[in-house]
Amino acid sequence: MENKGPSQKGSLLLLLLLGSNLLLSKSVASMAICPNGAVNCQVSLPDLFDRAIILSHYIHDLSATMFTDFDKQYGQGRGFITKVINSCHTSSLSTPEDKEQAQQIPQEDLLSVILSMLRSWNIPLYHLVMEVRGMQKAPEAILSKAIEIEEQNKRLLEGLEKIVGQVYPVIKDNEIYTVWTELPSLQLEDENARLSAFYNLLHCYRRDSHKIDNYLKLLKCRMFYDSKC
């Protein structure tokens with residue numbers, strides 16, 4: 001049997017951790033990707049990717065739980081799911097739909113896609129928090145998750161900008177993102193229409209956070225390991 005080196009064993013352990021269904025603890029996910037906001041990060045590139053992957057997985061778990069909480073609280077019997085197909089504001093971004101497509105994209109282009117997706121969510125997540133705060137009898141669990149997701153999305157974006165600055169600095173300043181124009185939908189007087197807009201936003205972020213998580217894992221495998229990813 002082939003002996004695996006320490007770094008390979010460490011990577012397998014990380015993948016087992018990421019593959020579990022347990023929510024990653026805040027103490028692990030809150031670890032700074034690049035400590036103290038250093039301009040020239042002293043953390044090794046593989047470790048930067050490990051930290052970004054842990055954070056992205058934590059964010060996706062949060063988004064999935066928040067979506068489920070919202071659906072149970074507001075979505076039962078309203079048929080919201082029939083209205084969300086192909087209606088995400090990030091649908092205009094050219095993103096690979098599966099692993100096979102992602103494998104064909106150059107690494108720098110895939111990193112650029114991740115940056116664009118994270119940047120495209122800055123404004124929607126900010127307004128999500130503001131509007132959830134204004135909802136009557138909004139469950140505290142949903143509000144707390146919305147606040148944390150907004151903060152963690154910013155942290156992940158900052159960390160990815162550090163990574164891109166090390167490996168492909170030319171794309172760091174590429175400010176491509178999609179504009180979100182659905183704020184009026186979150187402020188409608190009609191309750192059913194307003195809740196449908198919230199449902200759509202949470203559905204889209206759950207979808208995109210899953211894509212980002214998968215893209216990061218694939219990128220690390222492609223960049224640091226010779227095995228088939």
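## The largest cavity

In this predicted model, the lining of the largest cavity is made up of 5 nonpolar residues, 3 polar ones and no charged ones. You can pick them out in the structure: Ser56, Ile59, Leu118, Asn153, Leu156, Tyr205, Ser209 and Ile212. The volume of this cavity is about 50 Å³, and the structure has 1 cavity of 30 Å³ or more.

Which helices supply at least two residues each to this lining? They are α3, α7 (140-167) and α9. Helix α9 makes the top contribution, with 3 residues. Here is a handy idea to keep in mind as you look along a helix: an α-helix has 3.6 residues a turn, so residues three or four places apart point the same way.

## Helix α9 from end to end

Let's follow α9 itself. This helix covers residues 191-224, which is 34 residues. At 1.5 Å a residue, α9 should span 50 Å, and its end C-alpha atoms are indeed 50 Å apart, so the expected span and the model agree.

What caps the N-terminal end of α9? Aspartate 190 does this job, with a side-chain oxygen 3.3 Å from the backbone nitrogen of asparagine 192.

## A disulfide that reaches α9

A disulfide is a covalent bond between the sulfur atoms of two cysteines. The count for this model is 1 disulfide, and it joins cysteine 88 to cysteine 204, with an S to S distance of 2.0 Å. This pair links distant parts of the chain: cysteine 88 sits in the loop between α3 (45-75) and α4 (99-103), while cysteine 204 belongs to helix α9, 116 residues apart from its partner.

Is the disulfide left-handed or right-handed? The torsion about the S-S bond of cysteine 88 and cysteine 204 is about -90 degrees, so the disulfide is left-handed.

Are the two cysteines buried or exposed? Buried means under 20% relative accessible area. Cysteine 88 has 7% relative accessibility, so it counts as buried. Cysteine 204, at 2%, therefore counts as buried too.

## The second largest pocket

Helix α9 also turns up in the second largest pocket, giving 4 residues, the largest share of its lining. The pocket has a volume of about 190 Å³. Its lining consists of Tyr74, Glu131, Gly134, Met135, Gln136, Lys137, Leu186, Glu191, Arg194, Leu195 and Phe198. Two elements, α6 (122-134) and α9, give two or more residues to this lining.

By class, the pocket lining holds 5 nonpolar, 2 polar and 4 charged residues, whereas the lining of the largest cavity has no charged residues.

Conventions
Residues are numbered from 1 along each chain as its sequence is written. This is a predicted model: local features need pLDDT of at least 70, side-chain atom pairs count only at pLDDT 80 or more; totals for chains, interfaces and linings use all residues. Side-chain values use heavy atoms; hydrogens and water are left out. The expected span of a helix is 1.5 Å times one less than its number of residues. A polar contact is a pair of N or O atoms within 3.5 Å; within protein, one must be able to donate a hydrogen and the other to accept it, and residues adjacent in sequence count only if both atoms are side-chain atoms. A disulfide is a pair of cysteine sulfur atoms within 2.5 Å. Buried means under 20% relative accessible area, exposed over 50%, partly exposed in between (1.4 Å probe, protein chains only). On a 1 Å grid over the protein atoms alone, a cavity is a set of points where a 1.4 Å probe fits but cannot get out, and a pocket is an open set with protein on both sides within 12 Å along at least five of seven lines; lining residues have an atom within 4 Å of a point. Grid points are joined across faces, edges and corners, and a volume is the space filled by probe spheres set on the points. Ala, Val, Leu, Ile, Met, Phe, Trp, Tyr, Cys and Pro count as nonpolar, Asp, Glu, Lys and Arg as charged, and the others, Gly among them, as polar.
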